Structure formats: C-alpha cells, structure tokens
Amino acid sequence: MRIFFRIAFTCLSLLAVACCHKPNTSGIPQTSGGREIIRLAPDVHSKMLDASFWRCRVKNSHDIIMTKEQIARWNERVIEQTMAADEDLFFVHDLRRFDTVASSPDVRRFMVRYNPSYPWYKKQGGETHKLTTTDWRALYEKMHFAPLGDFSYFSGERDAPGVESRNFPVRKAVTVRRSDLRLVPDDTLYTDDEEYWYDDSAQTSGVLMNEPVLVLWESADKSWLYVRTNYCTGWIHHEDVAFCTEEQFARYFDYATQEQSGFVTITADRAMLSEDYAVPTEDAEFDGIPELFMGTYLHTADWNDEHIADSFFQRKPYACYIVEIPYRKADGTLGITYAAIPAGICTEGLLDYTTANVLGQAFKPIGVRYGWGGMANARDCSEYLKDIFRCFGFMLPRGSRSQLAMPGKTVSFEGKSLAARKSAVSALRPGSIMGFFGHVFMYIGEIDGKYYTINAVGAYYFGDPETTEAVEVNSVNVNTLDVMRRNGKTWLENLTYAKSLTK
C-alpha cells in the first residue's frame, strides 16, 4: 500500500471521522424552508445516499474478499449448478458448450406460450385492449412459430400431431449496443394489470453491449432474432447484433482469467460520449459510440496501432484507454472501430473484489429509475445486482430465485424467530445479497438497530397494506427492512436467504 504525505493522511483521517459520525435518524430530513426537496424512506437520511457513509463503517473494507482466480472458479461452479426445483434450468450457460444446430421443438419450448389464465393488455387507439386468441395468432405468425393450425399447441395443452422437426444452424453473434430481450418480437408495452402501465409483461431482460449471443431463430419478417445469452433467451432487434466468426466469439468469455490489460470494464452507471471520442471511420454503418452502461467489457487496443493517436482533432487524449467498439456492417457481420474511453468511467480489467468497491458500485445508480426486466434502459432488482458484480468478474444468473440459490456462504431465515433473524442479519457483511421470492437486494449496514438495504425496487408499504397505499418507488433506493410487503409483513419477516459471495 502506497504511503501518502503526512498532511494528506491527516486530512483523510479527519474526513473518515466526520463520515462515521452517528446521524440522527429519528426523522426524515427531506424538507428545507417547508419545501420537499428529496423523498426518502423512513429512517433514511440524505447522507445515507452516499457510499462513503457506509464504507467507513466496515472494518477492513479494502481487503480482497476473493482473487480473480477464485472468482473464475466460482463462475465455473455457477455454470454447472442447476436449480433443485427445475433440473433443466441452469443458472448461467456457457454458450461455447451448445450444439451447432438447434431443433425447432427445442427452440419453440423456450418461447412464450399463450395462457388464458394470465391475460395481456395493450393500448390500442387510446383504449385498453385485452389480447384475444386472434391477437396471439398474429404474434405467433410473426414469431414464425410453426405450425399455425392448432391453437391448443400454442397454449401448451398438447403437442401438435405430425409436426416435422427441423434443425437450424446456431449462429454466433455479438451485441453492438445495450438492447432489450423481449418475449415477443415487437416493442409494444403489454401489461397483465389493466390499471398498471409501468411494468412491461413482454420484457424479459436487458443485454449489454459487446456480449456474446447464440442466434437460434428469426421472425417471419427477419427484423427480430431469437437469441440465447448466457443467462436467458429472448427476441432482440436484428440491427442490435452482428454475426461473428468462431475466433471472434471466443474473445468474449472468462474475463476473470483474461489478461487484465486486455480490456476495460465500465464502472460508471452510464456514460454517453460525443462523436469526437471515436476514431473516424469511412464505414457509413458506424453511427457513433453507443451509450455505455455499468458492467460493459470493452477490449483494449494499442495507441500506436493504425495511427490511432493521430486520428483525434487537435488533441492526443491522455488519461484515456483506446478500446474496440463493435458495430454491425451492412452485411450483418461484426465490424470494429476504436474510441478513447476516459479512465474516470472505467477500470483497467476488473475491479478488486472488496467491500469498499462493492458499496461504491452499488451507489452509483442511486435514484435512477427501476425498469422491469431491464425495460427503458433501466434495471430491475436482479439486473441491478448482476451489473454491479460484473465489475468484479462474477457471472450472476438472471432472476431473484436463481441469485439466492447461487454458490457462496448462505444464511437461511426460514423458520427463524424475529430475534434470530435480527441476529443473523447483524452478522452479515455489508455487500451481501439477500431477499425473498420475487425480490433481491443488497445489505449495507446496521444503525440504531435498523437494517439498511440498497436496491432497485418497484414498490413497498410504509404501513399496514390494509390501510395505506403502496409507495411506487420505482427507483434505486435505500430503505430499511422495516418497510412492508403486500402480505402485511416487513421485509425482515419475509427474508428467506442471504448470500455472501465468498471463496
């Protein structure tokens, strides 16, 4: 550890003492002069919205929890593990292990099925419209979901008789921008509650730029591709992916074992760079650097290659990494150009896996909107955690149930009394994952006997759901385990598991 000048060390020590001063959390100091300037959950102070407030309360917060080699071994375990409730559902897929062909029945069984018990609604001509079997037939036609004759097959009631099984080549590709994965090949917002239009029932996940995918199917009009990522499947706009060779595809794996100077990880919540950060290219298909999101990996290049340093107008960008930016060529294949990425929004290789760094990443999206399934370029609860831990090289699965069943040190709350639950939470290290069916979040610390979390959350209750309305938070937010769910119990009472990612 580098030794700083004595005066600098003294200043930092004083700042740490000030940071750790015990706050008054008896109220919600969110007004100034009678004006409401910020909305906070009960017992949350505005200073609690900063990572430094929590980091200085953790002993040895800069100690390495797991090395990159240990994280790589953890990833191997999570790839192999299956959920006990469904032996066919892997937490994380290694896309390199899939066959080179896919049979039509195998692909179709992963696609959404019409279920009359779970209706979908959409807005049509300003009116709410409940999808009918005719609407679902149209969706299946667009999905190229043959056969089209027997609707009982679509609803999963039985297999269609005499259906010819066909094999299709599995094509390898890379995403060229952050994109949505959809259950159906269109961008319509669907809801399963005609009174609630914030969550999109057709949204399954977001996928970051520069991610490997397997292309299994295409829509009837060829404008959408059905792809498998390493954690789920879904429909993606064809212009958001570029087909690549086997050699190119092999570069997008095992970042915890790669040479750390060979790539950077975006650590800012998100960043938009202007066109003068990109090396000029004559290829008209490249339309600028896409918005960059936390957890994105970008391969580095050499400033001395291709006369890159001489390509920037009247400056030679210092404190910037030169990286490869993928784009889709006119023929659909992968193109590569270059851009200068400021060191302030990324790290060389992966971040060291420490509690201080975990908390630092967790608070970068504080206040940003919640996005069901990654809709609207936002994150839901599990995607929020997945992107944070990507910065350290972890390959987290998609979904709250899968994340709570990952390898790691597990604490079960099932069957525990309230006192035992409090004792178990108090023993957790900040940065641990915890949750219950349908929601996961990060534990960040205890103050005055209250347990605090940070999470991408849709809604909760400040009081009894029988007498109070749900608070539609829909943000990355700090709250205690005292907030309530619709079932009338606090989050603490609902806790099922906590998970610490340790060796």
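## Strand 13, a covered strand

Strand 13 (residues 224-228) is mostly covered, with five of its five residues buried. Bear in mind that this is a predicted model.

Which way do the side chains go? W224, Y226 and R228 point one way from strand 13, while L225 and V227 point the other way. Both sets are buried, R228 included. As a rule, side chains in a regular strand alternate between the two faces of the sheet.

## Neighbours of strand 13

On one side of the pairing list there's strand 12 (residues 212-218), which pairs with strand 13 in the antiparallel sense over four bridges. Within that pair, V215 stands opposite V227, and V227 is one of the buried residues just mentioned. The hairpin of strand 12 and strand 13 has five residues between the strands, and K222 takes a positive phi near 65° there.

Then comes strand 14 (residues 233-237), which runs antiparallel to strand 13 and is joined to it by five bridges. Here R228 of strand 13 sits opposite T233. These two strands also make a hairpin, this one with four residues between them.

## Strand 9 and its partners

Strand 9 (residues 171-175) is another mostly covered element: four of its five residues are buried. It's joined to strand 12 by four bridges, and the two run antiparallel. What is the bridge partner of R171 in strand 12? That would be V215, the residue that also stands opposite V227 in strand 13. So to speak, strand 12 links up with strand 9 as well as with strand 13.

Strand 9 has a further antiparallel pairing, over three bridges, with strand 15 (residues 241-243). In that pair T175 stands opposite V241.

## The hairpin of strands 6 and 7

Earlier in the chain, strand 6 (residues 121-124) and strand 7 (residues 127-130) pair over four bridges, again in the antiparallel sense. K122 is set opposite H129 of strand 7. Two residues lie between the strands of this hairpin, where G125 takes a positive phi near 60°.

## An acidic patch

Now for some charge at the surface: D192, D193, E194 and E195 form a negative surface patch. Where does D193 lie? Its place is in the loop between strand 10 (179-182) and strand 11 (203-207).

D193 has a relative accessible area of 35%, so it counts as partly exposed. That value also lets D193 into the patch, because patch residues need over 30% relative accessible area and no salt bridge.

Terms used
Residues numbered from 1 in each chain as written. Predicted model: local features only at pLDDT ≥ 70, side-chain atom pairs only at ≥ 80, totals over all residues. Heavy atoms only, no water. Pairing = 2+ DSSP bridges. Patch = residues over 30% accessible without salt bridge, like charges linked within 9 Å, V, L, I, M, F, W, Y side chains within 5 Å. Areas by Shrake-Rupley, 256 points an atom, 1.4 Å probe, with all protein chains shown as cover. Salt bridge = Lys/Arg side-chain N within 4 Å of Asp/Glu carboxyl O. Lys, Arg positive; Asp, Glu negative; His and termini not counted. Charge placed at Lys NZ, Arg CZ, Asp CG, Glu CD. Buried < 20%, exposed > 50% of the residue type's maximum accessible area, 1.4 Å probe, protein only.
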